[in-house]
Amino acid sequence: MVAKKRKGAAPARAGVQGDGGRQLLLLAWAVLVGLIGGVVLWTHFGRVAEDASPAAVSVAVPAPEAAAAPSEPPPVETASADSAPADIAPAETTSSEPVPAETASADSAPAETAPVDIAPTVTAADEPPMPAPASPPETVNAPEHEPPAAATPPAPEPDPPAPPPLSQPAAEPPPVPQQVAVVAPRAPLPREPATPAWIRYGRRFDANDRRPRVAVVVSDLGLSSAATNAAVQTLPAMVTLAFSPYADSLEHWIGLARAAGHEVLLNLPMEPINFPVNDPGPRALLTSLSAQQNLDRLDWVLGRVNGYVGVTNHMGSRFTTMPEALRPVLTAINDRGLMFVDSRASTRSIAARMASDIGLPRAINDRQIDQEASRPAIDGRLAEIERIARESGSAVAMAQPYPVTIERLQAWIATLETKGLVLAPITAVANRQPDR
């Protein structure tokens, strides 16, 4: 019996031990839950205490109207069951984070804060999305027995001046009379006539020199470089140089001649009496052409270059004897402000006389000195030039750029000073010779 009782007591003790373990587990769970609840409550009350600290109290300055007539305190809303009572809560807050304290304006005195029973709760839906504006915050109402100190209102701004009545507009100041300067009309200045090309491009010469004048023209230059260089570089500056319109680098040659002090002419090809056996070249003026065709050819010659004082005919023993063909050409030359030098290709030439009739400055060739290119023949012709110059006061000698001609000219020109003669450019003898 005793053995059976011991065997039955063992299960009963094991059951008691199992019930005790269960109770210990429940007790441990209850203690854990209590600790967690205590921590939660501690944290909650700690935040509420922080919110109720003086640093979180917002002191609001009442507006001037509220200070003058305080309004009735609004009804106090009941706090929710989850919120703990606090002495004072910040106005309009949606979280338990501390709100920085707002200070009163510099002009207002500090106001004492009084506790209120319960602060109104503002939900997140009532909060505006932007931070609180800079306008004065809402006044935290205090009990009636302890009203907040009234802030000193700022000095009122002066009222703007009242606008003038519409019925009486402001009088405008009288207009200031403006003095208008009356300018008398000025008479137009007289237009100075353009200087003719034969004067503008001419070489200066002493017009008071009373000695007989001798002009020398070396013609047909530009076709031979050696002959042209010799004429430009070795002959005195008073010698006039005439260039062929068919020459290459015509502008270059004329530039060199002018730089050396020479006056420049252009050769104007004209029809000779034995044309076409003797051909003056392309674009020559012909009696078989119309006046307009000859003028077009003249324009081509004159348009080749500039800087020349006039033209002289190359050949033209027929053309210079035909008044119908010659007159339009001389008129066009005169309109260009140029002068004309008649080379006297024919003794029957009327070019100089017609030029005088239309007022065209002109000069006339007295002798072709190298018609026979020999020293004795050239020296004999130069002696005739001296005689003509003494008789009429002026003489013109024309020559080709032959080496012998340039040699004899150099020697002869050196003797003119001792003979009482003066070498002159072609413009210095314009209109000084009698017509022939």
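In this predicted model, Arg375, Ile378, Asp379, Leu382, Ile385 and Glu386 of helix α9 are in contact with Val404, Thr405, Glu407, Arg408, Leu409 and Trp412 of helix α10. By class, this contact comprises six nonpolar residues, one polar residue and five charged residues. Helix α9 spans residues 375-392 and helix α10 spans residues 403-413; their axes come within 10 Å and cross at roughly 45 degrees. An angle of 65 to 115 degrees would count as roughly perpendicular and one under 35 degrees as roughly parallel, so α9 is oblique to α10. The crossing of α9 and α10 is right-handed.

**Helices α6 and α7**

A second helix pair is formed by α6, residues 291-302, and α7, residues 323-335, which pack at an angle of about 40 degrees. The axes of α6 and α7 are 9 Å apart. This pair is therefore oblique as well, and the crossing of α6 and α7 is right-handed. On the α6 side the contact is made by Ala291, Asn294, Leu295 and Leu298, and on the α7 side by Pro328, Val329, Ala332 and Ile333. Seven of the residues in the contact of α6 with α7 are nonpolar, one is polar and none is charged. In the contact of α9 with α10, by contrast, five residues are charged.

**The chain as a whole**

The protein chain has ten helices and nine strands. Of its 436 residues, 33% are buried. Among contacts with a separation of 6 or more, 76% are between residues 24 or more positions apart.

**Helices α4 and α5**

Two further helices each have a buried side. In α4, which covers residues 225-234, the buried residues are Ala227, Thr228, Ala231 and Val232. Viewed down the axis of α4, these residues fall within an arc of 125 degrees, so they line one face of the helix. Ala226 and Gln233 are exposed on the face of α4 turned away from that buried side. The packing partners of the buried residues of α4 are β1, β2, α5 and α10. Helix α10 thus recurs here, as it also meets α9.

In α5, residues 250-259, the buried residues are Leu250, Trp253, Ile254 and Ala257. Their arc around the axis is only 95 degrees, which puts them on the same side of α5. Glu251 and Ala259 are exposed on the other side of α5. The buried residues of α5 pack against α4, β2 (240-243) and β3. After α5 comes glycine 261, which has a positive phi near 100 degrees.

**Backbone features**

Most residues other than glycine have a negative phi, and most peptide bonds are trans. Two residues with a positive phi are set out below.

| Residue | Phi | Place | Relative accessible area |
|---|---|---|---|
| Aspartate 220 | near 60 degrees | strand β1 (residues 213-221) | 17% |
| Asparagine 431 | near 65 degrees | segment after β9 (422-423) | 46% |

Neither aspartate 220 nor asparagine 431 is a glycine. With a relative accessible area of 17%, aspartate 220 falls under the 20% cut-off and is therefore buried. Asparagine 431, at 46%, lies between the cut-offs of 20% and 50% and is therefore partly exposed. Strand β1, which holds aspartate 220, is also one of the elements packed against the buried residues of α4.

The peptide bond from phenylalanine 275 to proline 276 is cis, and its omega is near 15 degrees. Proline 276 is placed in the loop between β3 (264-270) and α6. Of the two elements that flank this loop, β3 packs against the buried residues of α5, and α6 packs with α7.

**Threonine 320**

Threonine 320 is in the loop between β4 (310-315) and α7. The relative accessible area of threonine 320 is 0%, and the residue is therefore buried. Apart from its neighbours within four places in sequence, threonine 320 is in contact with Met270, Asn313, Leu326, Ser349, Ile350 and Ala351.

Methods:
Residues are numbered from 1 along each chain as its sequence is written. This is a predicted model: local features need pLDDT of at least 70, side-chain atom pairs count only at pLDDT 80 or more; totals for chains, interfaces and linings use all residues. Side-chain values use heavy atoms; hydrogens and water are left out. Axes are lines fitted to C-alpha atoms, for helices over the stretch in contact, and angles run from 0 to 180 degrees between N-to-C directions. Helices (H or I, at least four residues) and strands (E, at least two) are DSSP runs, numbered from the N terminus. Angles under 35 degrees count as roughly parallel, over 145 as roughly antiparallel, 65 to 115 as roughly perpendicular and the rest as oblique. A crossing is left-handed if the near helix is turned anticlockwise from the far one by less than a right angle, and right-handed if clockwise. Contact means heavy atoms within 4.5 Å. Ala, Val, Leu, Ile, Met, Phe, Trp, Tyr, Cys and Pro count as nonpolar, Asp, Glu, Lys and Arg as charged, and the others, Gly among them, as polar. Buried means under 20% relative accessible area, exposed over 50%, partly exposed in between (1.4 Å probe, protein chains only). The arc is that of the directions from the helix axis to the C-beta atoms.
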